[in-house]
Structures are given as C-alpha cells and as structure tokens.
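Visitor: I've got a chain on my screen and a few things to ask about it. Could you walk me through it, one feature at a time?

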Amino acid sequence: MSRRRLHILVVLLCTGLWAGAMWLGHSAGHLRFLDRLESALTDVRTLVRGVKAPPDLVTIVAIDDTIVKLVGTYPLPRAEIAKIVEAIARLEPKVIAIDLLLIDKGPADGDAALAKSLAASPTVLAAAAVFSNTVQPSADNDGPLARLPKASRFLLPLPAFADRAEVGIANVATGQTGTPLSVPMLFRTHDKIELSLPLRVASIAIDQPLTIEPDRLRFGDRPIPTASHYALPISYYGPRQTIRTISAASLVDGQVDKQAIQGRIVVLGATATGAGDFFPTPFDSLMPGVEIISTAITHLVAGDGLVRNQTVRIAGAITAILLPMLLVGLLVWRRNPIGLVAVSAVVLAWATVNTIAFAHGIWLDAATTIAAAAPPLMLFGAVQLWSGRRSAQHLAVQNRLLEQFQTPGLQQWLTRDPDFLLAPVRQNAAVVFIDLSGFTSLSETLDPDATRGLLKGFHALVDKEATRCGGMITSFLGDGAMILFGLPEPAEDDATRAAECSIALCVKTERWIEALPPAIAHRIGFKIGAHFGPIVASRLGGRNHQHITATGDTVNVASRLMEVAARHDVRLAVSDTLRTVAERAGARLKTGSLVGPVEAQIRGRSGSLTVWLWQSERPTLDQQRTHPDAAE
C-alpha cells in the first residue's frame with residue numbers, strides 16, 4: 001500500500017470514528033446543543049415545505065377574547081364552561097377534548113353544572129404532568145417503557161369531573177428554541193402510566209383497541225408513527241387557525257353551522273390574550289396550545305404526522321457516518337476546484353433529499369449529520385490549505401532557483417508548451433557574444449574568492465542588460481556569454497534589440513572595468529560580436545538534463561566577430577546584415593561611432609564579411625549623467 005493510500009485510509013477512518021461518536025453522543029442525550037440546531041433546521045424545513053391544508057377532522061372551539069369580553073372575566077366560571085360544553089354536545093360531536101385544567105374546586109353549583117354537561121357526550125379532560133429536577137430510578141430499566149417521561153406526580157381533574165370523562169396528559173415537549181417538536185404519548189410516575197390527551201382522544205375517535213409494543217403504538221392493525229420513547233413528532237400545517245376554529249361566543253349564541261361540529265373531534269381550549277398557553281412555531285410566534293394539541297390529534301387520526309421511527313433513525317445514523325467520509329474522500333480525491341465542486345454538489349444533494357423527505361413526512365436528522373461532517377471538512381480543508389501553502393512556497397523557491405538557471409520568459413513558455421523545441425526549429429535570430437580579454441592570466445594571480453566576485457559582477461551586468469533588451473542568455477561561457485534574440489518566438493525587432501544590447505553592454509562594461517581597482521582594470525578588456533541570420537534552435541542534452549541553444553553558421557560568425565573586433569582594437573564588431581535589418585526596423589545606432597564598413601576575414605570561413613566597428617566616444621560627466629545608456 002502506498003503512503004498516500006495509507007494517509008487516505010487513516011483520514012477516512014478518523015472521520016468515521018468522529019461521526020460515530022457524534023451520533024452516539026447525541027443519541028445518549030449528551031450533546032444538547034444539537035437539539036437547538038435540529039429545532040432551528042426543523043423550522044427552516046417546515047417553512048420551505050410551506051402551509052398545507054390539514055385533514056378536516058378537528059374543530060377548535062376557542063375561548064377567545066370575544067367570549068371573555070362577554071362574560072367579563074377570565075378564567076371563565078365553571079357554569080359558563082358548562083354552557084359551552086352543552087352547546088357542543090347538542091351538535092353531536094364524535095368526541096370532546098377539553099384542554100383546560102379543572103383541578104381546583106369552584107362554586108358548587110358551577111362544578112355541578114359542568115359535571116352534568118360532561119356526561120352528555122364522550123369527553124376527555126386535560127391533566128398535567130409535574131416533573132422534578134431529580135430523576136428517580138425505574139424498577140424496570142430494561143423494559144420498553146423505562147425511558148418514558150417520568151413525572152413526580154400528575155395534576156388530575158377533580159374526581160367529580162374525572163368520574164364522567166376520560167383523562168389525558170396535555171404536556172408537550174419543546175425544543176431548545178421553545179417550539180414544540182413532539183408530544184409524548186405516554187407518561188409515567190413510579191407506579192402508573194398515563195396516556196396523553198391526544199392519544200386518549202384519538203383512541204375514542206378511531207374506536208380501536210390501543211396496543212403498546214416495543215418502539216411503537218398500534219390502534220388495532222394500524223401502527224402509529226412515533227419517534228423514540230413513544231413521542232409523536234409535530235408537523236405544523238400553518239399559522240394559527242389553519243385548523244378550523246370557531247369562537248365559543250358564536251357557539252353559545254347558536255350561530256355555528258351544525259356541520260362544523262357533528263361527527264367531528266372538538267377541542268375546547270383557551271386562545272384569549274393573556275391565557276399564557278402559547279408557543280412559538282415556524283409559522284406563528286404565538287401559537288395557542290390548543291392548536292398544538294389539535295395538530296397532534298389530527299396526526300394520530302389521519303396518520304399524516306412525521307415519521308421518525310427506528311428505521312428512519314437508523315437511516316439517519318448511516319447518513320451521519322457515511323456522508324462525512326464521502327465528503328472528506330472527495331477532497332482527498334481531488335485537491336483542486338473539482339473536489340470543492342464535487343463536495344458542494346453532494347452537500348446540496350443531501351440537503352435537497354433531506355428537505356424533500358421532510359416535506360413528505362419523513363424526519364431525517366440534520367443537526368447530527370452537519371455536526372459530524374463540518375469539523376472534519378474544516379480540519380481537513382485547513383490542513384490542505386496549509387499543505388498547499390507549503391507546497392506553493394516550495395514551488396516558489398524552486399521557481400526562483402530555476403530562474404537563476406533559465407530565462408524567466410523561456411521558463412513561462414515551457415510551462416505553457418512543454419513540447420517546445422522537442423523538434424529543432426530553423427528561424428532567423430540575432431546572436432550576441434561578449435567575452436572578457438585577459439581574464440585567464442588575471443585569474444592566475446587572484447585568489448578564488450576574488451575571481452568569483454569578479455565573474456559574479458560581470459555576469460550580473462550582462463544579465464541585467466540582456467533582460468532589459470528582451471534577450472535570452474543561452475549560457476555563460478566562463479568569462480563570456482551568448483545572448484540570443486528570437487526565442488521563444490521570433491519578433492520583427494530582434495535585430496534592433498540585439499544592436500541596442502550590444503552598444504549598452506559596451507558602455508556598461510567599460511564603466512564597470514573603470515570602477516575596478518587599477519591593478520585589475522589595467523589587465524582586462526572585453527570584445528563583443530553581433531550577427532543576424534538563420535539559426536537552428538533546439539534542445540540539447542540527455543534525458544535527465546537538457547538546455548536550449550542555437551547552432552548554425554550565424555552563431556559561429558557572431559563568435560568570430562569578437563576576433564575581428566580584437567584585430568581592429570575596438571570593442572564591438574557588428575555584421576552589416578544585423579545593422580541593415582535593425583535600421584530597416586527604424587533603429588539608429590547613435591551612441592559612440594560606427595566605423596566602416598570594412599571587409600573582414602572570418603576564421604574558418606571562405607570569403608569576407610562586411611562589418612561595422614564600434615568605438616565609444618569618451619563622454620563628459622554631464623553626458624554620463626544624462627545619457628547613461630546607449631541610444632536607439
């Protein structure tokens with residue numbers, strides 16, 4: 001196994017272990033901050049799904065501001081509640097649920113009237129579970145009911161009322177944001193189990209025996225989709241009064257159509273301002289508790305609630321573990337924008353599937369998956385960024401080192417076209433040679449450091465002028481250099497720039513020699529030869545080391561022209577060919593004086609060549625300040 005594959009395997013294994021730990025920690029109830037995130041994400045998914053019409057099964061009879069104003073007090077007297085219940089019963093509902101706590105004694109006549117009204121129709125009364133901060137150990141910790149919400153006691157209706165009706169617990173379970181996310185279906189104390197108010201009501205309405213099974217409830221043959229610990233997830237249909245709502249005042253006055261009550265489930269509850277039983281929901285910041293209870297009843301009877309059973313939880317666990325591994329694996333697979341695009345696409349696909357599933361009644365966990373995926377992605381991304389910066393710095397250092405051995409322009413060209421000059425190319429180019437004279441004998445008397453310093457200064461001067469004029473130094477030949485104008489591609493002004501570079505080198509090299517110690521300056525000189533013509537540009541060298549150079553008669557003539565300059569005791573010998581091409585492009589060789597033309601014999605070549613000789617004119621101090629370089 002390669003080292004990279006081992007690193008990938010370790011990264012994926014660590015990611016999977018982290019994701020598994022996050023899921024187990026959240027499942028065990030230790031990561032409460034994820035509940036707040038899940039609650040917020042549930043609100044977002046609900047809003048994305050939008051308002052939907054509820055099954056028309058439930059009617060809410062609201063004790064609202066209108067009835068409170070008519071009666072003149074709140075809470076309503078028991079006699080007034082009795083009138084409302086009797087008015088509901090006369091319209092023949094299927095079952096009446098009273099979401100009011102009737103735990104305190106009132107006036108005897110009022111309590112008697114209410115007790116009498118409860119017997120007129122199947123009725124379920126609300127009770128409340130009271131929870132203490134201390135958790136009592138259960139006697140059957142291994143049983144399916146061990147993790148039910150355990151109350152210290154129940155606040156039950158007065159016996160006079162409870163003897164004439166069923167009783168259900170009306171508590172809801174809110175998330176970290178205060179929004180009720182579910183309604184527990186079962187509650188327990190140390191010695192008894194009570195059903196919730198929605199479950200009691202639905203049991204009467206469906207008229208099927210209720211069975212409690214491990215991890216689920218059942219009405220006859222019909223299963224009830226519950227989450228863990230027999231909790232019913234809530235899927236809000238819309239803002240308040242999305243479920244059919246009528247005022248108790250209208251009911252008492254006889255202004256309600258019988259069809260709004262007959263054969264339906266009726267929930268009587270308070271919606272009046274100041275009633276205190278309100279909760280924030282995705283659609284409404286103040287949703288009456290009676291509407292939340294009515295939503296739970298509708299879910300139980302219609303079977304349209306959110307499914308968060310064991311199968312869905314297992315699917316969520318698998319997603320929470322595999323998705324982070326997939327995302328990190330994609331970043332490892334492609335450490336470039338393609339990897340980032342792939343990661344973004346997978347995240348978008350997951351979010352889309354999660355939202356669509358929620359809209360269709362399947363509540364897949366989102367917070368745990370995000371918490372499992374985000375830290376590994378950020379950590380791995382930070383490591384990748386750090387590694388990338390290290391690699392970039394390393395490449396930058398290598399690039400700077402390479403630039404010291406290769407012309408930057410040529411290096412950039414090779415980056416764009418790696419096959420450049422794999423096959424030799426014949427073209428016109430200008431070639432300039434410069435060589436120090438007397439350096440060999442001088443170096444015999446200098447120590448190595450002084451010799452190196454002298455060559456370093458000379459090479460820096462040549463490199464500066466060649467770069468300024470756009471030439472490419474193909475090589476430093478000890479105490480000389482070859483400069484090529486025409487690579488990586490030929491240009492119309494190659495000859496012009498070669499001529500300018502030649503004259504500038506004459507001027508700058510003379511000044512450099514004059515600045516040397518007299519003992520050295522008097523012993524060295526220099527010669528320059530420049531020519532224009534056809535060359536063969538190619539790569540030379542073996543498989544592991546190559547360099548780009550030019551060969552051909554033009555290169556040989558340019559080198560021999562330095563001998564012509566030496567024979568005539570001048571600094572520069574320029575072929576008439578180069579001068580003609582340069583001046584055809586508009587250049588004028590104004591600095592110094594050109595002597596010629598002269599016919600010169602070139603060593604190793606038959607016939608003669610027309611050559612122009614250049615000798616600098618000794619400038620005044622002002623001329624040196626105002627015209628330091630060769631003119632065009």
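Visitor: Which residue in the turn between β10 and β11 has a positive phi?
Guide: This is a predicted model, where local features need pLDDT of at least 70, side-chain atom pairs count only at pLDDT 80 or more, and totals for chains, interfaces and linings use all residues. Residues are numbered from 1 along each chain as its sequence is written, and side-chain values use heavy atoms, with hydrogens and water left out. β10 and β11 form a hairpin with two residues between them. The turn residue with a positive phi, about 70 degrees, is Asp215.

Visitor: How many bridges hold β10 and β11 together, and in what sense do they pair?
Guide: Strands here are DSSP runs (E, at least two residues; helices are H or I, at least four), numbered from the N terminus, and two strands pair if DSSP finds at least two bridges between them. In β10 (residues 210-213), Thr211 sits opposite Arg218 of β11. β10 pairs with β11 (residues 216-219) over four bridges, and the sense is antiparallel.

Visitor: Which residue of β12 is the bridge partner of Phe219?
Guide: β11 is joined to β12 (residues 222-224) by three bridges, running antiparallel. These two also make a hairpin with two residues between them, and Gly220 in that turn has a positive phi of about 60 degrees. Across from Phe219, the partner in β12 is Arg222.

Visitor: Which strands sit at the edges of the open sheet that contains β7?
Guide: Three strands make up that sheet, in the order β6-β7-β13, with antiparallel pairing. β6 and β7 (residues 180-184) share two bridges, and Thr174 stands opposite Pro180 in β7. The edge strands each pair on one side only, and they are β6 (173-174) and β13 (231-233).

Visitor: Why do the buried residues of α5 end up on the same side?
Guide: In α5 (residues 108-118), the buried ones (under 20% relative accessible area; exposed is over 50%, partly exposed in between, with a 1.4 Å probe and protein chains only) are Gly110, Asp111, Leu114, Ala115, Ser117 and Leu118. They share a side because they cover an arc, taken from the directions from the helix axis to the C-beta atoms, of only 160 degrees.

Visitor: What covers those buried residues of α5, and which residues are exposed on the other side?
Guide: The cover, judged by contact (heavy atoms within 4.5 Å), includes α4 (78-90), β2 (95-101), β3 (123-130) and α6 (159-162). On the other side of α5, the exposed residues are Ala108, Asp109 and Lys116.

Visitor: Is Thr46 buried or exposed, and which residues does it contact?
Guide: Thr46 lies in α2 (residues 33-49). Its relative accessible area is 3%, so Thr46 counts as buried. Setting aside neighbours within four places in sequence, Thr46 contacts Tyr236, Pro282, Phe283 and Phe358.

Visitor: How far is Trp614 from Val570 in space?
Guide: Trp614 belongs to β25 (residues 608-615) and is buried, at 1% relative accessibility. Trp614 and Val570 are 44 residues apart in sequence. From C-alpha to C-alpha, the gap is 6.3 Å.

Visitor: What share of the chain's residues is buried?
Guide: The chain has 20 helices and 25 strands. Among contacts between residues at least 6 apart in sequence, 73% join residues at least 24 apart. Of the 632 residues, the buried share is 46%.
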